[in-house]
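Okay, thanks for coming, everyone. I'll put the structure up and then walk you through a few parts of it.

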Amino acid sequence: MTQSLTIPRPDDWHLHLRDGAMLKAVLPETARHFGRAIIMPNLVPPVVTAADAAAYKARIMAAMPEGADFTPLMTLYLTEETDPADVAVAASEGLVHAVKLYPAGATTNSASGVRDFDKVRPVFERMAEIGLPLCVHGEVTDSEVDIFDREAVFIDRVLDPIRRAVPELRVVMEHVTTSNAVDYVTSAEAGLGATITAHHLIINRNHILVGGIRPHYYCLPVAKRESHRLALVQAATSGDPRFFLGTDSAPHVDPAKECGCGCAGCFTATNAIPLMAEVFERAGALDKLDGFVSRHGAAFYRLPVSASTITLTRGDATTFPAKIESGDGPVTVFDPGFPVHWTVTG
Ligand code: DOR
Ligand code: ZN
């Protein structure tokens, strides 16, 4: 049995760092194992313009732990008022690596998102010209669509029409949760990738709801039934370069999760990489781990694979802190519910 693995330093292609005291608390958790991350722009107010992204990047750099080997890759939050020229300048300066599409109301802090997709067509066309990826939160928000169907319906009603209208647009379907999304990505000819989170590879909807409601497993898109989780594990461990890790690590303080109307988000920055080693080992696919966590995303984003490495070591079952403390309050670390034998040792 493999006892030690050295792989290029992983990247997180979908991460929430927040701001202020929370940023200060969660940034070291990600910077410990990851070399780069695509930073989500859903602050309040959102990161909409190049100037907003530059200011947010400066706040991240100011919060960086001493000696960290970590680069934040900034994104812009797409609104119906987004100026295609501003996006193009931010991309040409190397400041911004993607634009994020939130359908209005789909998730945390998405109120400024897009209602009428035709209104943002000029932005899509400009992005297609310059090769800038669109990261998509792929859920419809219509109240009559069941929450477990919202991703599949989004593909048919929104994503496929956008991709047909702007075929050169490069798209990342973020945090895919269904076999429908896996099938859609694998059937695309080019220009379509998908991130998969650690938690969606580990939990299904029973974990959230059976035997009591577990708010720390609630995220959006919500975890689906087991057959979908198995499709995600198959996609992640297949070696297909269109799938890569985006943790969607999304910290909320415990009181905001453990209450009558809890926030969506699982906080996995602390243990995502050991969890991925465990998941890939269980799938008999440890040889595919470096592709999923360190290579495929870099290739999609047209960046070099990290030149530095990390080493994972297998040993006795390890434990992670149950919570980290932030100046805003405690944040619960995702509990996979099974023993994890891998630690990052170098
Ligand atoms: O669970 C989620 N939490 N999904 C999202 O799309 C947003 C995120 C957050 O910002 O908390
Ligand atoms: Zn997210």
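Before I get to pockets, one term: a pocket here is an open set of grid points where a 1.4 Å probe fits, with protein on both sides within 12 Å along at least five of seven lines. And keep in mind that what you're looking at is a predicted model.

So, the largest pocket. Its space comes to about 270 Å³. Fifteen might sound like a lot of names to read out, so I'll stick to the ones closest to the centre: of the 15 lining residues, those are Arg163, Pro167, Glu189, Ala190 and Gly191. Which element gives the largest share of that lining? That's helix 5, residues 150-165, with three residues. If you sort the lining by class, you get seven charged, five nonpolar and three polar residues.

Now the second largest pocket, which has a volume of about 210 Å³. Here 13 residues do the lining, and Ile208, Leu209, Ile213, Pro215 and Tyr218 are the closest to the centre. The class split for this one is nine nonpolar, two polar and two charged.

Let's move to the strands, and I'll use strand 3 as our anchor. Strand 3 covers residues 36-39, and on one side of it you find Arg36 and Ile38, while Ala37 and Ile39 point the other way. Are those four buried or exposed? They're all buried.

What does strand 3 pair with? One partner is strand 2, residues 11-15, in the parallel sense, over three bridges. In that pairing Leu15 sits opposite Ile39. Another partner is strand 4, residues 71-77, which also runs parallel to strand 3, this time with four bridges. There, Arg36 faces Thr71.

The connections have helices in them too. Going from strand 2 through helix 1, residues 20-31, to strand 3 makes a right-handed β-α-β unit. Then strand 3, helix 2 (residues 50-63) and strand 4 make a right-handed β-α-β unit as well.

Last stop, the zinc ion, which is ligand 2. Which protein atoms are its donors? We've got NE2 of His14, NE2 of His16 and an OD of Asp248, lying 2.0 to 2.1 Å from the zinc. If you want to find them in the sequence, the spacing is H-x1-H-x231-D. Both histidines, His14 and His16, are buried.

That's my tour, so over to you.

Definitions and conventions: Residues are numbered from 1 along each chain as its sequence is written. Chains are lettered from A and ligands numbered from 1 in the order in which they are written. This is a predicted model: local features need pLDDT of at least 70, side-chain atom pairs count only at pLDDT 80 or more; totals for chains, interfaces and linings use all residues. Side-chain values use heavy atoms; hydrogens and water are left out. On a 1 Å grid over the protein atoms alone, a cavity is a set of points where a 1.4 Å probe fits but cannot get out, and a pocket is an open set with protein on both sides within 12 Å along at least five of seven lines; lining residues have an atom within 4 Å of a point. Grid points are joined across faces, edges and corners, and a volume is the space filled by probe spheres set on the points. Helices (H or I, at least four residues) and strands (E, at least two) are DSSP runs, numbered from the N terminus. Ala, Val, Leu, Ile, Met, Phe, Trp, Tyr, Cys and Pro count as nonpolar, Asp, Glu, Lys and Arg as charged, and the others, Gly among them, as polar. Buried means under 20% relative accessible area, exposed over 50%, partly exposed in between (1.4 Å probe, protein chains only). Two strands pair if DSSP finds at least two bridges between them. A crossover is right-handed if, with the strands pointing away from the viewer, the path from the first strand over the helix to the second runs clockwise. Donors are N, O and S atoms within 2.8 Å of the metal (3.2 Å for Na, K and Ca); water is not among the atoms, so sites may look incomplete.
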